[in-house]
Amino acid sequence: YAYAFPYDNAGLWKVSWIRKDLLDEVGKPVPQTLQDLEDVMIAYLAKHPDGAALPLNKDLDLEIVMSAFASYPGQWQKDASGNLAYGSIQPGIRQGLEVLNKWYNAGYIDKEFIAKTGDQTMATFTKGDMLTWKGAWWSMHWPFPDLWKNNPAGAEMVAMPVLKGPDGKQGIMVSAVSGMGVAVRKDVKNPEALMYLLNEEMDSLLRSDKKTQEAMTKVGYKFKYPPTPYEAPLNMADTERITDTHNYAVEGWGYFNRANYHAKFMYGFQLNDPAAFVDYLQLLSSLQTGKLKKDQVDGNVALDYDSLSQEPRKIASFSNMFEYWVQFSKTDALQVNELVGSPTPAAVAKKALLDTMEKEVFAQIIMGTKPITAFDQFVTDWKKNGGDEWTKEANDWYLTTK
């Protein structure tokens, strides 16, 4: 058998961002609806005809638009009967594709998007020639600093709320279980070495964390190292460096070079669910607004806040994004992908074909080389080429969870 540690899904949440400086330039507020965004794009391109309004590329991340129809490409949702249904074949997707085709024809989307990679789209964004961006909450750490470096006089990013569609719908779907992980090959001679390394890392990192000390003491755990104060990175003032340089002669914080990101986010031992992650963000926001002082929060949180505060545009972006997400997370518009089991036989055999079919048809509809009725044919073809079989297997699995 192979062994693996799951990635924490908190770091994978995506946010829709928009250039606040460009909103100010055209005299528009942060969009709340799909129509608001369209109005902003019209005004933006009137002043910047060579710019790109929407960050679309061949990967076809359509969430900015599809969220306004509460539709979820590639995800599994419950239908009106309580059964699992595949998001990509639902009626809302058809509506979203019609909007995207309209925007493509109007020039809001790069005419060559289907040939562009994510890196090429990012290059356009960091150059300063793009209005919106779709990326994780940590976009404030990367790629925003590259944008600010290339556009030092402005380029302020703020989060957009999940946009509402013409009928007032909105919705985002996240996965409760990560589909990625850090794996150890089954033929490795000593796979347990990873656990020894992780224990050493966490012991060194967490021994100065009061909450962790209390919890581990209750179960009889004794830390290998005594608590020590944090040793600041040698280059703390250097905001261009991604990796801090630490004084490794001092055990403690920095012993594994900001190992909290390994222990908390990558391995999923802490902050491994959306609710806990929102709590973490709320502490950072409370520090910014003055509701809490640094000596009232965990030392790790205070350090993250210090790092974030070195760039005023980072903390401004963060606060705006957080407020939207906290409010949104309290609504039923935040959905969870219902299929979290192992791939079914039909998924193993047919998913690659179905995904390719989906991407090709969606791109053709957006670009207008096929009419919107091609979506209806896609649904029929999807079902007949393995989709119905996959759906049955997904629902058979779903029944076992009830």
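In this predicted model, helix 13 contains a kink of about 50 degrees, and the centre of that kink is K351. The helix is made up of 23 residues and spans 34 Å from its first C-alpha to its last, which is close to the 33 Å expected at 1.5 Å a residue. Just after helix 13 comes G368, a residue that takes a positive phi of about 85 degrees.

Several residues of helix 13 are buried, namely A346, A347, L354, M357, E358, V361, F362, A363, I365 and I366. The elements against which the buried residues of this helix pack are strand 4 (84-86), helix 4 and helix 14 (374-400).

As for the pairing with helix 4, the axes of helix 4 (residues 91-106) and helix 13 (residues 345-367) come within 7 Å and cross at roughly 45 degrees. Helix 4 is therefore oblique to helix 13, since an angle counts as oblique when it is neither roughly parallel (under 35 degrees), nor roughly perpendicular (65 to 115), nor roughly antiparallel (over 145). On the side of helix 4, the residues that take part in the contact are I93, L97, L100, N101 and Y104, and these meet F362, I365, I366 and M367 in helix 13. Sorted by class, the contact of helix 4 with helix 13 comprises eight nonpolar residues and one polar residue, with no charged residues.

Elsewhere in the model, E156 is found in the loop between helix 6 (144-150) and strand 6 (157-159). E156 has a relative accessible area of 30%, and is therefore partly exposed. Although E156 and R19 are 137 residues apart in sequence, their C-alpha atoms are 5.7 Å apart in space.

How values were computed
Residues numbered from 1 in each chain as written. Predicted model: local features only at pLDDT ≥ 70, side-chain atom pairs only at ≥ 80, totals over all residues. Heavy atoms only, no water. Axes fitted to C-alpha atoms, helices over the stretch in contact; angles between N-to-C directions. Helix = DSSP H or I, 4+ residues; strand = E, 2+ residues; numbered from the N terminus. Contact = heavy atoms within 4.5 Å. Nonpolar A, V, L, I, M, F, W, Y, C, P; charged D, E, K, R; others polar. Buried < 20%, exposed > 50% of the residue type's maximum accessible area, 1.4 Å probe, protein only. Expected span 1.5 Å × (residues − 1). Bend = angle between axes of the 7 residues up to and from the residue.
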